[in-house]
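Q: Hi! Got a minute to look at a model with me?
A: Sure, put it up and ask away.

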There are 2 protein chains.
Amino acid sequence: MAIKERKEREKQDMRNLIIDSATGLFLKLGYDKTSIRTIAEDIEYSPATIYLYFKDKDEIFYVIHENAFALLDKEFRKHDVIENHFERLAAICSTYINFALKNPDYYDLMFIMRAPLSQIACEETWTAGNCAFDYLLDTMSGCVDEKLIKGGDKFLLAMSVWSFGHGLVSLYVRGRFDVMNMPEDVVKDMLDKAVANFLNNLKA
Amino acid sequence: MAIKERKEREKQDMRNLIIDSATGLFLKLGYDKTSIRTIAEDIEYSPATIYLYFKDKDEIFYVIHENAFALLDKEFRKHDVIENHFERLAAICSTYINFALKNPDYYDLMFIMRAPLSQIACEETWTAGNCAFDYLLDTMSGCVDEKLIKGGDKFLLAMSVWSFGHGLVSLYVRGRFDVMNMPEDVVKDMLDKAVANFLNNLKA
DNA sequence: GTTTTTACTAAACAGTGTTCATTATATTTA
DNA sequence: TAAATATAATGAACACTGTTTAGTAAAAAC
């Protein structure tokens, strides 16, 4: 009976090996250049072997996508110590922006790319993403309850904050600002200023 | 000498033929399934011929991307008749959101995809995009001058409005809302409500 | 020790963007 | 008008991609 367990363990090890390799290649070379064949060569297995552990490329990137969300969520929860909910909201925003700027490839996978979506559709619930969003939602709930903020629909408010942050960084990450006549550092400065203004306008 | 002009005309006709075909296929089948070979088959030419008129696939989609911006810009300028700048700003936002929902593929190409960016980098200025953004900037300028709005940095304000709108529709278009426990129609409703709230909070 | 199951892979399929030598056509020159 | 030149178009290939399948080698079960 112990053999079955060992086999299960080996199967998981192989999955981890693939994910680790894929993650490394993805962060180094980007999504497009991280092909099944590149991963296979990296782990010194045949490309076909990968399909014994993952149903397709999307599933691999779904796992990476989940790990990235866990990372973001972890950074979010560090703000548990901030008791004032509005201040915590501001901290969450700041963390979100910085996460995107520091990990543009992860951010892409989490919020922009279509790749992991097909897999998300297969799962009953989008655990990873909901977890991080729930933290924003809880914080927003605190803001609303304590009347620190204008408006009473915490869902709408959370969606708005998320959208604003996402709009800023996704336009930035996908180069829609540098294509205009705005210098790099000015734009980066504006990200913070924009968020500060946005939150200030939200204040009750 | 007239032959040279006719040749030039024929060259332009061929370019238009390719762009028209590519645009139709793109709107019908999406970006990925619009391959050079698909376009070639559609216009009844060999795939290699396309490379006599466009340097690569990106250049084709850059032209489509430019046309899409001209379309959005045209819709924007319809609001010239609205004299109150804040009301015009609201109209621009509404038009932006509706454009994205009606033309998700165009929107993708304009604000999310990387495909046309390599070409944008080649051009001196991003004419198409700047034109539409300038209209927002001018309207915002009016709002600031007439003190209809909080804050004085029109550039920061325009960037904020754009980012907020983009955040909402890009999360929507790329399926980041329907992946959560939010029903489709509720989300669509929230888009309008969110913009309304956002603009309201901006009011002086 | 034989049979069965599992793990793996070479090779192929169908597709992609792109390049290049070659052919067919049109224009210019003698 | 006939030969020479310039232009336009293409078939075939290159180097990739994700994915499937038939076949082989090793491990486990009997």
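**Chain A and DNA strand D**

Q: How much accessible surface does chain A have?
A: About 10,100 Å², and carbon and sulfur atoms hold 51% of that; areas come from the Shrake-Rupley method with a 1.4 Å probe, and for residues only the protein chains shown count as cover. This is a predicted model, where local features need pLDDT of at least 70, side-chain atom pairs count only at pLDDT 80 or more, and totals for chains, interfaces and linings use all residues. Side-chain values use heavy atoms, without hydrogens and water.

Q: And how many helices and strands in chain A?
A: Ten helices and zero strands, taken as DSSP runs (helices H or I, at least four residues; strands E, at least two) numbered from the N terminus.

Q: Switching to the DNA: which residues are closest to strand D?
A: Arg6(A), Arg37(A), Tyr51(A), Thr49(B) and Tyr53(B), out of 18 residues that surround DNA strand D; near means a heavy atom within 4 Å. Sugar and phosphate make up 56% of the DNA strand D atoms within 4 Å of the protein.

Q: What does Arg37(A) reach there?
A: One of its polar side-chain atoms lies 2.7 Å from a base nitrogen of DNA strand D.

Q: And what about Tyr51(A) and Ser35(A)?
A: Phosphate oxygens of DNA strand D: a polar side-chain atom of Tyr51(A) is 2.7 Å from one, and for Ser35(A) the distance is 2.9 Å.

Q: Which helix gives the most to that surface?
A: α1(A), with three residues.

Notes: Residues numbered from 1 in each chain as written. Chains lettered and ligands numbered in written order. Polar contact = N/O pair within 3.5 Å; in protein donor to acceptor, adjacent residues only side chain to side chain.
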